[in-house]
Amino acid sequence: MKILYTAEATTEKGRSGHVSTDTKTIDTPLSVPKELGGAGGDYTNPEELFAAGYSACYGSALQHIADQRKIDLGDFTVTAVVSIGKTEEEEFELAVVLDTYLPGIETALAEELINEAHEVCPYSRATRDNIDVTLNLLLDE
């Protein structure tokens, strides 16, 4: 792999500690959600950070595919919903739902675009066959 960019983050004390990047663009406390037995609170957690990264990366992959096809996506959105749970063997596991809204794009074309983006998105490629990822196309009512 020819490296184009490298990000670096350090976490102290795990889920209830503190995370910062070497650039300090992220420099925040972490808290364990109540649902996972923690105190909750106003701080972020690994699942929120993963959701933010995945939605941005997938959105960029979607934009890349659209640009290649000379399609204007307009004001599109991607929401990543990241869940953590346990398998039957009591092992922790993640699942992701990607909700994509492509206003003004015909449904069949929009479905093609979201599927193609899933093929090229680095997060999608990294998680393929490791966790469940569901792609949803949100439609106007």
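A salt bridge is taken here as a side-chain nitrogen of Lys or Arg within 4 Å of a carboxyl oxygen of Asp or Glu, and by this rule the count comes to five salt bridges. The structure shown in these views is a predicted model.

**View 1. The overall fold of the predicted model combines three helices with six strands.** Followed along the sequence, the elements come in the pattern β-β-β-α-β-β-α-α-β. The C-alpha trace of the protein spans about 45 × 35 × 30 Å along its principal axes. Of the 141 residues in the protein, buried residues make up 32%.

**View 2. Strands β1 and β2 run antiparallel and are joined by four bridges.** Strand β1 covers residues 9-12, and strand β2 covers residues 18-21. Within this pairing, T10 has S20 in β2 as its bridge partner. The hairpin of β1 and β2 has five residues between the strands, and in this hairpin K13 takes a positive phi near 65°.

**View 3. Strand β2 is also joined to strand β3, by three bridges and in an antiparallel arrangement.** Strand β3 is made up of residues 27-29, and T28 in this strand is the bridge partner of V19. Five residues lie between the strands in the hairpin of β2 and β3, where K24 takes a positive phi near 70°. In a regular strand the side chains alternate between the two faces of the sheet.

**View 4. A cluster of aromatic rings is formed by F50, Y54 and Y123, which are linked by ring pairs.** A search of the whole structure finds three aromatic pairs. The rings of Y54 and Y123 have centres 5.4 Å apart and planes at 35°, and the pair is therefore tilted, since planes under 30 degrees apart would count as stacked and those over 60 as edge-to-face. Because Y54 lies in helix α1 (residues 46-68) and Y123 in helix α3 (residues 122-127), this pair ties together parts that are 69 residues apart in sequence. How buried or exposed is each of the two tyrosines, Y54 and Y123? Y54 is buried, with a relative accessible area of 0%, whereas Y123, at 30% relative accessibility, counts as partly exposed.

**View 5. R69, E112 and E116 are linked in a network of salt bridges.** Side chains of opposite charge can pair when their charged atoms come close. In the salt bridge between E112 and R69, the closest N and O atoms are 2.8 Å apart. This pair links distant parts of the chain, with E112 in helix α2 (residues 107-120) and R69 in the loop between α1 and β4 (77-86), 43 residues apart. R69 also forms a salt bridge with E116, and here the closest N and O atoms are 3.5 Å apart. Because R69 lies in the loop between α1 and β4 while E116 lies in helix α2, the pair ties together parts that are 47 residues apart in sequence. The members of the network are described by their accessibility as follows: E112 is partly exposed at 38%, R69 is partly exposed with a relative accessible area of 34%, and E116 is partly exposed at 29%.

**View 6. R128 and E119 form a salt bridge.** The closest N and O atoms of R128 and E119 are 4.0 Å apart. R128 has a relative accessible area of 29% and is partly exposed, and E119, with a relative accessible area of 47%, is partly exposed as well.

**View 7. The largest pocket holds about 240 Å³ of space.** Which residues are the closest to the centre of this pocket? Of the 16 residues that line the largest pocket, E8, A9, V19, T21 and I26 are the closest to its centre. The elements that give two or more residues to the lining are β1, β2 and α1. By residue type, the lining divides into eight nonpolar, five polar and three charged residues. One of the residues closest to the centre, V19, also appears in View 3, where T28 is its bridge partner in β3.

How values were computed:
Residues are numbered from 1 along each chain as its sequence is written. This is a predicted model: local features need pLDDT of at least 70, side-chain atom pairs count only at pLDDT 80 or more; totals for chains, interfaces and linings use all residues. Side-chain values use heavy atoms; hydrogens and water are left out. Rings of Phe, Tyr and Trp (its six-membered ring) pair if their centres lie within 6.5 Å; planes under 30 degrees apart count as stacked, over 60 as edge-to-face and the rest as tilted. Buried means under 20% relative accessible area, exposed over 50%, partly exposed in between (1.4 Å probe, protein chains only). Two strands pair if DSSP finds at least two bridges between them. On a 1 Å grid over the protein atoms alone, a cavity is a set of points where a 1.4 Å probe fits but cannot get out, and a pocket is an open set with protein on both sides within 12 Å along at least five of seven lines; lining residues have an atom within 4 Å of a point. Grid points are joined across faces, edges and corners, and a volume is the space filled by probe spheres set on the points. Ala, Val, Leu, Ile, Met, Phe, Trp, Tyr, Cys and Pro count as nonpolar, Asp, Glu, Lys and Arg as charged, and the others, Gly among them, as polar.
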